[in-house]
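Reader: I've got a multi-chain model open and want to learn how to read its interfaces and salt bridges. Can you walk me through it?

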Amino acid sequence: MSTGWLIGSAVIAVIVAPLIGGLLRGIDRKLTAHMQGRIGPPIIQPFYDVIKLLGKKPMVAGGAQLVFAYAFLALIITAVVFFALRQDLLVVLFILFFGSLCLPIGALSVKSPYSQFGGHRELLQFLAYEPILLLAAIPIALKAGGFPIANIFEYGQPLLPNLWITFIALLIALAIVMRKSPFDISGSEHAHQELVRGVITEYSGPYLALIEIGHWYEMVLLLSILGLFWVVGSLWWLSIIIALGSWFIMLIVDNITTRLTWSWMLKFAWGAGITLVALNILFINLGWM
Amino acid sequence: MGILSTARMKSPWLLHFDCGSCNGCDIEILAALTPLYDIERFGIVNMGNPKHADVLLVTGPANHRNYRVLRNLYDQMPDPKGVIVVGTCGCTGGVFHNCPNVLGGIDKVIPVDVYVPGCAARPEAIIDAVVLALGKLKAYGK
Amino acid sequence: MIDSLLGLSIFFPIIAGFICLGIKNHKARGSIVFLTAAVLIISSIFYLRQGSFPIEHSPGPAGDWIILVLNYVILAYFLFVAIKDFAQRGISRHNVLTIALTLAAGIPLAIFEFSQAPHTPLEVAPTLYVDHLSTVMCLIVSIIGSLIAVYAIRYMKDHEEHRMHLGELKETTQPRFFFFMLIFLGAMNGLVFANNLIWLAFFWEVTTLACYGLIRHDETPIAITNAFRALWMCLIGSVGFSLAIMFLWNSPLNTISLAAVIESGAPVLLLPIALLCLAGLTKAAQVPFQSWLLGAMVAPTPVSALLHSSTMVNAGVYLVLRIAPAFQGTHLSTLIAIYGGAVFLITAILAISQSEGKKVLAYSTIGNLGLIILCAGINTSLAIAVGIMLLIFHAISKGLLFLCAGAIEHHIWSRDIEDMEGTATKFPVLTGITIAAMFSMLVAPFGVLITKWGAMEAATGIGVWSTLVLVLLMLGSGATTVFWAKWIGRFLCHSPIPGRAKREPFIPLYHGILLILIGCAVVFSILIAPVYNGVIAPSLTEAGYNAASAFTTSAWFLKSSIGIFAAWPIFIIIALALLIPLLATKAKPEESHASYMCGENVEIGTDEFVAVADERTELKTGGFYIENMLGEGNLNRFVVPIGVVLLVILFVLVVI
């Protein structure tokens, strides 16, 4: 793809990703409500929430909080831009992780009991999903012949038939990133409260809005990574089905499970998640996949 | 601006504080969150955190011990905010009016926007009260 | 020209060290250290302008005689201190092992030098060998080492004043401290340029001597014990050297020139190569030898910065990187890669449980050295390039971090992370530099992250065992992030203050040095492509690798065959993302509010809340250390056996 197209797609990604993210959150709440026998809010409710938050009077419990709230959003947007520019997948992930780290560091920078707890639990959550995401880049690179996302397009073949084991592991990582039960251990969405609001307890008003928008970008980026598994070929529209399908599976899992402990989360993520991806890498190296 | 006041009206987040009530009104408030009344369809979410809340829902009378906590929570809510008092005890002191440790209704401690009488107040009345409070939020800044 | 440069790098610091031993005046001694620092830095830069590499230099038989005699003098000194300790404190594992290992190192060497060698001393051409890799090490030692020595001038003054104030110290011991430090710098330079294995072993032992003397400096019982532990563990390496020299001489290759050994790479040489690797691994405090490095943290912080993060332990991994071409493509190489990955993961997990700051830094050091060894084990040109890069960037960042930890320790007089809570408001400049240094170990676009990226890409697609290597690498990467982020959070944790924190007074020998080092970290990370082209790519070519199949650089991006790292655009974007909010936002005073404590806050500005019976209670926050699961007490009984088993498998593989 020519540079002009790439830059154009990056600009579109930055503008459209939060809109899609917010809409998905809204549909999430609607579907969850219906699964629970309720009606639920309108699907554009997250946008109302964010606009209302932006209009609140700012309230800060520590100067570093501001810096990290802005940095969280800015870095995740950077990761989205690099993804749209089809850069090296590992680099995209590292920038994403830097952004994700800003949230717990900002929470830890406030001397508040709930914020401290939430920040530490967020770090443990990070410890659970980060290795899975990083390791999942390896089989993708082995198949596509390189880490740049552009290689996946050049490879020309869908990845899912050979990498479905990795895909399952990525679903585990997606559940943790989206903070869905049973992994909603550190400050999750509205209906899930743990230790007041966990990692986002001390963020309020406009800064909470920034974090919310950052979460939308993060979710869209993760779903796009999942969509990479069938983004080429004549059935390229399957990538959207795969991404949305994974998202829907997360909703169902959220509604049928309950929150578990952080030590279980670590053991499960490292046990099941890492083992699955490692098996996939092993099979590719042995030539079986 | 139009969109900001619309957003404020469409997304009121609650903080629910029991200030010495018998829990009767609290049960009715929590009932409003259940699928039967489902106030989430109006965008209302029960946040546990004053820093995230727009509307403070208080039950029970103010007394010498808890007025400080109430004041503290009210101060930790960012503007624009509204206060709804649910139940007769919060409005005037109710059956506990004139007791030695009771200061009276909640309005002795913080400014109240909407009073919901009743013992216990009905969920429909609580929902009506929140809608009234939304008007105040919408008019903030004008 | 080259002989004067070599003389300045190796012998000037040694002479200056001896001079310092006799000077009692603080300012005069400080000027000698400054002068040495200047000489070292300037001479090391001049190496880069020497035209075509490699350059060879042999000082002649006089030099060989001096080295031979001094080697036995040092070994005799080790025996002497061990026997003296045995007389003073009774029999212990440490002095027995020291005596045994000194004899085990000295006797084979003596047998070789006096009966097996054709003439004594054995002359090897060339004795000293200057190429890009050794120049890189010389630059690291000279520049970073000198900065640390200059920092130590002020640090030791404060350290001794504090100890005298506490009644622990009667008169100054700084002459001895700077003696060891300066001879160490000279010995490191000698080590990296040595080609004759006897010279290499000699300089190796001088560094062990300096390590012992510096750890022991405070002369507390625990310092003496830990100094002996470091001594005997490093002596294992010297034993390895002596045996390797004997094996190499008696092998078909019949040489003890390191360059000749590396170029040949014949399988018959794998046992001496493994012995040399063992020397490197003990010096780099890899599992199961990590306890000496952790114990060495009782020493004053400049010692930790110089010896135990940026230079001496680097000598260990430098040796492994240098002899990597000799075991390329063997099972030994694969096992070394797995071993490095295991060390990386184990130390990362153990670091999460440590609450003493310097121990966390020590574990992180061992882990990153394990990562360099992993790269040496993968042994492709990309991997070796990444290994050399990590050598450079880790030395800068970790040396800086130890210096920061030392400066913080001298402001709050504690080494515990829990006592560092809220230093961001008390010492904003120092804390800011420390947090920046931690970010430089952790995130894009800094050099250490570039090397993590590179190591992951290098480990991909090298065969079935890459699966295990990659799993260890990714898990370790996650764990390292956790303990750094936790520590950064502790620095920043404070209750709201109005406005910005007041800057603390600027101390040139503390803050100045730290600013220079963080500047280096930033500049070299942005300029990674020219750094690669300037020193790393030539090192690869000289070692026989194909530099083009490692990285190519275009527009100052780093491109490998399977990945691309756009160094400076990432840097600019991330700098903007962090610096703009940092400089442009400021919480207005009326926006500052207390944290949420269920409404029981006393008032803003205090951390107190109202607890039982209306009592004002102070809020205390702390970090997660998960000691019962991840602590040394729980894990060490697995860690040490795992290390021993891996090393045993290593030697078994070699012998088969």
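Author: Sure, we'll take the interface between two chains, then some salt bridges; keep in mind that this is a predicted model.

Reader: Okay, how many residues of chain A and chain C are in contact?

Author: Start with the two sides: 61 residues of chain A touch 64 of chain C. Then look at area: the two chains bury about 5,500 Å² between them, with 78% of it on carbon and sulfur atoms. On the chain A side, Phe94(A), Phe98(A) and Lys111(A) supply 14% of the buried area, more than any other three residues.

Reader: How many salt bridges are there between chain A and chain C?

Author: One. It joins Lys111(A) to Glu421(C), at 2.8 Å from N to O. There are also 11 residue pairs in polar contact between these chains. Helix 5 of chain A brings the largest share of its side, 16 residues. By class, that side has 45 nonpolar, 11 polar and five charged residues.

Reader: And within a chain, what does the salt bridge between Asp28(A) and Lys180(A) tie together?

Author: The idea is to check where each partner sits, and then how accessible each one is. Asp28(A) is in helix 1 and Lys180(A) in the loop between helix 7 and helix 8 of chain A, so the pair ties together parts 152 residues apart in sequence. Asp28(A) counts as buried because its relative accessibility is 2%, under the 20% cut-off; Lys180(A), at 1%, counts as buried too.

Reader: Is Glu418(C), the partner of Arg490(C), buried or partly exposed?

Author: Partly exposed, at 23% relative accessibility, whereas Arg490(C) is buried at 1%.

Methods: Residues numbered from 1 in each chain as written. Chains lettered and ligands numbered in written order. Predicted model: local features only at pLDDT ≥ 70, side-chain atom pairs only at ≥ 80, totals over all residues. Heavy atoms only, no water. Contact = heavy atoms within 4.5 Å. Buried area = accessible area lost by both parts, 1.4 Å probe. Salt bridge = Lys/Arg side-chain N within 4 Å of Asp/Glu carboxyl O. Polar contact = N/O pair within 3.5 Å; in protein donor to acceptor, adjacent residues only side chain to side chain. Helix = DSSP H or I, 4+ residues; strand = E, 2+ residues; numbered from the N terminus. Nonpolar A, V, L, I, M, F, W, Y, C, P; charged D, E, K, R; others polar. Buried < 20%, exposed > 50% of the residue type's maximum accessible area, 1.4 Å probe, protein only.
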